Structure formats: C-alpha cells, structure tokens
Amino acid sequence: MTSESDLKGPLLQRDEYGRVDVDSVPDVIEWFLSYDQRVAIIRHPSVEEVFQWKQQHAKAQGEEIFQFNRAEDRFAIGIIQALADNATERSLHEWIGQLLSALDAASKANETTADAYKLDLQSGGSIVKETEKIPFQRGRTEFLLNCWIETLCTAEARVLGWLYKEFYNRPYAP
C-alpha cells in the first residue's frame, strides 16, 4: 500500500540547525528506486544484464574496476560518491551538467544505431542478444556501453537534481 508520504516524494532529514543529514540520502535513493520509473529501470533484468556485460567487458579489457554485485549497487554508490566529490553548489551543478551531456550523447548514438540495425528495444527482452543484429563487435560494444551510460545518467541526474534542489533551495537549471 502506498502511503501519502510516498506520493509526496522522499524526505531528506535535517538536523536541529536545518542542515541536511547526509545519512538520510540512502532513504532518498530507495524512494526513487521504488517510485520513480526512470530511476527504477536500474532494477530491470535487461538493464542488469547490460550492467553485468559491462563489468565483464571491462575486466576482459584489463581495466581495474570495482566489481559490483548489481547495477542498483553501482547506482547507489555513484550517488553517494558524486555528493562526496561535489560538495559545493557549483561543483554539483557542473557534475549534473556532465551527466546530462553524457546522457544526450549516449541517447543520440543509441537512437541512430537502433534505427540503422532495426533493434527491438521495446519488448523488454535481452538487449545484449538484440545487439547481435549489429554486424561488427565494436558497434555492439559501443551500443551496450551507451545503453548503460544512458540508463545510469538518467537515474543519477534525476536523484542528484532532486538533491540539488533540497540542498540549495532552488531547482537545478542547466
């Protein structure tokens, strides 16, 4: 059952001086994962499959990356890390701008590739399997990396944009 507070949005806790309690950020992330479709997509099996593919690809390329168990874990840690690394209004604003720029580039590249190779991305099936229609490995790799970037940047920008508004009492504006 959805409560009234669930419909209003997440609640970011504050201390007695009105400062944001950063320990409540995980609750905000969970709220978005539960109630915002553009963030909850991180939990979709197709997205998880792309994320697992990405981790295996990075490992095969010899990249030293932290191995996350799930896409959702990577997303949540990314939010926390972005807040830690961008502790001022200006730096958080710039970071969100970078996310939106990466999202735009990945989205346009994926749209072009999906149209060119008639990829079915709406059925909810395996995106990894669908990329087999792309006749060259580099194209498949780029498409799958862009799928992950598009999904992750959408979700991170949604949550960080909301947090920006809560932290600085004004909406994020590019």
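What is the handedness of the crossing of α4 and α8? The crossing of these two helices is left-handed, a term used when the near helix is turned anticlockwise from the far one by less than a right angle, clockwise being right-handed. The structure is a predicted model, in which local features need pLDDT of at least 70 and side-chain atom pairs count only at pLDDT 80 or more, while totals for chains, interfaces and linings use all residues. Residues are numbered from 1 along each chain as its sequence is written, and side-chain values use heavy atoms, with hydrogens and water left out.

**Helix α4**

Helices are DSSP runs (H or I, at least four residues), numbered from the N terminus. Helix α4 covers residues 45-60. Its 16 residues, at 1.5 Å a residue, should span 22 Å, and the end C-alpha atoms are 22 Å apart, so the two values agree. The expected span is 1.5 Å times one less than the number of residues.

Within α4, the residues S46, V47, V50, F51, W53, Q55 and A58 are buried, where buried means under 20% relative accessible area, exposed means over 50%, and partly exposed lies in between (1.4 Å probe, protein chains only). An α-helix has 3.6 residues a turn, so residues three or four places apart point the same way. The buried residues of α4 pack against α5 (71-85), α7 (127-130) and α8 (137-168). Just after α4, G62 takes a positive phi of about 85°.

**Packing against α8**

Two packed helices are described by the angle between their axes and the distance between the axes. Axes are lines fitted to C-alpha atoms, for helices over the stretch in contact, and angles run from 0 to 180 degrees between N-to-C directions. The axes of α4 and α8 are 10 Å apart, at an angle of about 120°. That angle makes α4 oblique to α8; angles under 35 degrees count as roughly parallel, over 145 as roughly antiparallel, 65 to 115 as roughly perpendicular and the rest as oblique. On the α4 side, the contact (heavy atoms within 4.5 Å) is made by V47, V50, F51, W53, K54 and H57, and on the α8 side by T141, L144, L145, C147, W148 and T151. These residues divide into eight nonpolar, three polar and one charged. Here Ala, Val, Leu, Ile, Met, Phe, Trp, Tyr, Cys and Pro count as nonpolar, Asp, Glu, Lys and Arg as charged, and the others, Gly among them, as polar.

Helix α6 (residues 89-117) also packs with α8: their axes come within 8 Å and cross at roughly 150°. The two helices are therefore roughly antiparallel to each other. The crossing of α6 past α8 is left-handed, and the residues of this contact divide into 19 nonpolar, seven polar and three charged.

One residue of α8 is N146, which counts as buried at 17% relative accessibility. Leaving aside neighbours within four places in sequence, N146 is in contact with A106, A109 and N110.

**Exposed residues**

The table lists three exposed residues.

| Residue | Place | Relative accessible area |
|---|---|---|
| D85 | helix α5 | 55% |
| K118 | loop between α6 and α7 | 64% |
| N169 | segment after α8 | 67% |

The C-alpha atoms of D85 and F51 are separated by 23 Å, and the two residues are 34 residues apart along the chain. Most residues other than glycine have a negative phi. K118, a residue other than glycine, has a positive phi near 55°. N169, also a residue other than glycine, has a positive phi near 55°.
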